[in-house]
Amino acid sequence: MFNRRKQIILEAETPENTGLYKPRLIFTEDMLIEKEDEYLFRYHANQLPDLELNQLSVEALQVDLSSSPISIVALFRNTLENSFHVDGLPLLVLDDANRLIGRKVLTTEDIPEFVPMSSMPCWLDFSEEELFLTEEENFPEKIRLLFSLEETHDLEIPPDFLDAEARRVRQTFYSTPTLKNEEVNVMNVWNEKNENRMTGLFLIRNGYEQAIQLGTLPLQLMNGEQILQTLQVALTSPIEAKTTLAIKVVLDVTEWQDQDVLQFRVAQA
């Protein structure tokens, strides 16, 4: 287990003349690294491939499940020539099947400053809203971290969404490429039948530079390929420019409660 305390420890940089660089390992003033952990950090830093000039990379070293909800020990490496700050840079967490299971927007509170040409460990604490696993799923020990440079829309989730529903919405939203300009589409995120209630989660994505008013969302309740019911879901509020709106639809399906494969489908125009 990697531990963290408070003290500055710096290591000398070893320059490379091959066009590739192995950034020096440093420990900043908000850490005191025990000797055993220092060896582990050094081992991981030496095992990683060298970087070209002007690169920024991140490696996950350990998942700490003892914190709430989780903390990830990561090694940030850069071969930039000047110090810099990150504020608003999204970091994605993928499992071994490349499924998005978490997303954190890095700020100066997470990493106050990047020292040039350095490898620096960092403890990243994730909140519940930054994790997308269901309550039944365990957080995997094997993960990958990636920076995301893609610009995303604003995401609006109404307050009546349950925590599990909001997690599903965020996972789908951040796993899907951002819309092109002047495009609108609807995504079916999740369908669930619970006794006589059918719940569907949808994302309405507005790629326009101005707000749009759709009025209604046409849906069909399906049993396989059979249309059981057509409904028009009222959309009372406009969808703002460059915004994705989450919609929850709940329908009484007592009439079809013996059907096990019910699902919603967006009706084709």
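**Overall dimensions, cores and backbone of the predicted model**

The radius of gyration of the protein is 23 Å, whereas a compact globule of 269 residues would have a value near 18 Å. The structure is a predicted model. Along the principal axes, the C-alpha atoms occupy a box of roughly 70 × 40 × 30 Å. The secondary structure consists of two helices and 18 strands. Among contacts with a separation of 6 or more, 67% join residues that are 24 or more positions apart.

Of the 269 residues, 43% are buried. The accessible surface amounts to about 15,100 Å², and carbon and sulfur atoms contribute 46% of this area. The charged side chains comprise 23 positive and 46 negative groups. The centres of these two sets are 2 Å apart.

The largest nonpolar core contains 36 residues, and the members that touch the most others are Phe-76 and Phe-139. At least two residues of this core are supplied by each of β4 (27-31), α1 (35-47), β6 (56-64), β7 (70-78), β8 (89-94), β9 (100-106) and β10 (118-126). Strand β7 provides the largest share, with six residues. Phe-76 lies within the residue range of this strand, 70-78. When residues up to four places away in sequence are not counted, the contacts of Phe-76 include Ser-57 and Val-58, as well as Leu-91, Leu-106, Ile-111 and Phe-114. Phe-76 also touches Ser-118, Ser-119, Met-120, Cys-122 and Leu-124, together with Phe-147. A second core, separate from the one described above, is made up of 20 residues, including Phe-202, Ile-239, Val-249 and Phe-264.

Two residues in loops were examined for their backbone angles. Most residues other than glycine have a negative phi. Asn-98, which is not a glycine, has a positive phi of about 60°. This residue is located in the loop between β8 and β9. The relative accessible area of Asn-98 is 49%, so the residue is classed as partly exposed, the cut-off for exposed being over 50%. Glu-195 likewise has a positive phi, near 55°. The position of Glu-195 is in the loop that joins β13 (184-194) to β14 (197-206). With a relative accessibility of 63%, Glu-195 counts as exposed.

Conventions:
Residues are numbered from 1 along each chain as its sequence is written. This is a predicted model: local features need pLDDT of at least 70, side-chain atom pairs count only at pLDDT 80 or more; totals for chains, interfaces and linings use all residues. Side-chain values use heavy atoms; hydrogens and water are left out. Helices (H or I, at least four residues) and strands (E, at least two) are DSSP runs, numbered from the N terminus. The radius of gyration is taken over C-alpha atoms; the globule rule is 2.2 Å times the number of residues to the power 0.38. Buried means under 20% relative accessible area, exposed over 50%, partly exposed in between (1.4 Å probe, protein chains only). Contact means heavy atoms within 4.5 Å. Accessible areas come from the Shrake-Rupley method with a 1.4 Å probe; for residues, only the protein chains shown count as cover. Lys and Arg count as positive and Asp and Glu as negative; His and the chain ends are not counted. The place of a charge is taken as NZ of Lys, CZ of Arg, CG of Asp or CD of Glu. A nonpolar core is a set of buried Ala, Val, Leu, Ile, Met, Phe, Trp, Tyr and Cys residues joined through side-chain atoms within 4.5 Å.
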